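Colleague: Could you take a close look at one part of this model for me, namely how the helices pack against one another, and then set that part in the context of the rest of the chain? I would like one connected account rather than a list.

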Amino acid sequence: MESYNELLESFLNALALKRTGSKDTEAAYRKDIERFLNYLEENDIHSLEDVTKGDISSYTEELRSGRIGGVKLSNASYDRSL
């Protein structure tokens with residue numbers, strides 16, 4: 001099983017190969033995904049197979065409220081994160 005970091009790098013490499021966005025877009029995706037992966041680790045979820053709808057719901061609620069990251073996201077940043 002690949003680690004979260006390995007999965008993240010695989011995803012970002014696939015994006016780079018498809019040339020679907022700028023370096024800024026890649027950096028934003030990296031930040032968004034790292035934020036989610038950190039949330040999973042902080043909640044003792046160590047496999048993507050173990051993520052539930054409830055986990056995602058809790059994450060999005062905390063993300064929207066600003067409890068994750070310490071500041072509310074703009075609508076565009078929130079949408080991109082989803």
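Modeller: In this predicted model, the helices H1 and H2 pack with their axes 11 Å apart and at an angle of about 160°. Because that angle is over 145 degrees, H1 and H2 count as roughly antiparallel to each other. The crossing in which H1 passes H2 is right-handed. On the H1 side the contact is made by Tyr 4, Leu 8, Glu 9, Phe 11, Leu 12, Leu 15 and Ala 16, while H2 contributes Glu 26, Tyr 29, Arg 30, Ile 33, Glu 34, Leu 37, Leu 40 and Glu 41. Sorted by class, the residues where H1 meets H2 comprise 10 nonpolar and 5 charged ones, with no polar residue.

Leu 8 is a useful place to look at this contact in detail. This residue lies in helix H1, and its relative accessible area is 3%, so it falls under the 20% cut-off and is buried. If neighbours within four places in sequence are left aside, Leu 8 is in contact with Arg 30, Ile 33, Glu 34 and Leu 37, and these four are listed among the H2 residues of the contact with H1. As for its distance from a later part of the chain, Leu 8 and Gly 66 are 58 residues apart along the chain, and their C-alpha atoms are separated by 23 Å.

Two other residues of H1 contrast with Leu 8 in their exposure. Asn 5, which is also placed in helix H1, has a relative accessibility of 55% and therefore counts as exposed. The C-alpha atom of Asn 5 is separated by 22 Å from that of Tyr 78, with their positions 73 residues apart along the chain. Lys 18, again in helix H1, is exposed as well, with a relative accessible area of 61%. From Lys 18 to Ile 56 the C-alpha to C-alpha distance is 27 Å, for a separation of 38 residues in sequence.

H2 has a second packing partner to consider. Helix H2, which covers residues 23-42, packs with helix H3, residues 53-65, at an angle of about 120° and with their axes 11 Å apart. That angle makes H2 oblique to H3, whereas H1 and H2 are roughly antiparallel. The crossing of H2 and H3 is right-handed, as is the one of H1 with H2. In this second contact, Asp 32, Arg 35, Phe 36 and Tyr 39 of H2 meet Asp 55, Ser 58, Tyr 59, Glu 62 and Leu 63 of H3. The residues involved divide into 4 nonpolar, 1 polar and 4 charged.

The loop between H2 and H3 contains Asp 44, a residue whose backbone deserves a careful check. Its phi is positive, at about 55°, although Asp 44 is not a glycine. As a general rule, most residues other than glycine have a negative phi. Asp 44 also counts as exposed, because its relative accessibility is 61%.

Within H3, Thr 60 offers a view towards the end of the chain. Thr 60 lies in helix H3 and is buried, since its relative accessible area is 16%. Beyond its neighbours within four places in sequence, Thr 60 is in contact with Tyr 78 and Leu 82.

Turning to the chain as a whole, there are 4 helices and 0 strands, and the order of elements from the N terminus on is α-α-α-α. Taken along the principal axes, the C-alpha atoms fill a box of roughly 35 × 35 × 20 Å. Of the 82 residues in the chain, 28% are buried, with Leu 8 and Thr 60 among the buried residues. When contacts between residues at least 6 apart in sequence are considered, 40% of them join residues at least 24 apart.

The confidence values belong beside these details. The mean pLDDT of the chain is 86, and 96% of its residues reach 70 or more. Among the elements, helix H1, which runs over residues 4-18, has the lowest mean pLDDT, 82, and H3 has the highest, 93. In general, predicted coordinates should not be read in detail where pLDDT is low.

Methods: Residues numbered from 1 in each chain as written. Predicted model: local features only at pLDDT ≥ 70, side-chain atom pairs only at ≥ 80, totals over all residues. Heavy atoms only, no water. Axes fitted to C-alpha atoms, helices over the stretch in contact; angles between N-to-C directions. Parallel < 35°, antiparallel > 145°, perpendicular 65-115°, else oblique. Left-handed = near helix turned anticlockwise from the far one by under 90°. Contact = heavy atoms within 4.5 Å. Nonpolar A, V, L, I, M, F, W, Y, C, P; charged D, E, K, R; others polar. Buried < 20%, exposed > 50% of the residue type's maximum accessible area, 1.4 Å probe, protein only. pLDDT = per-residue confidence, 0-100.
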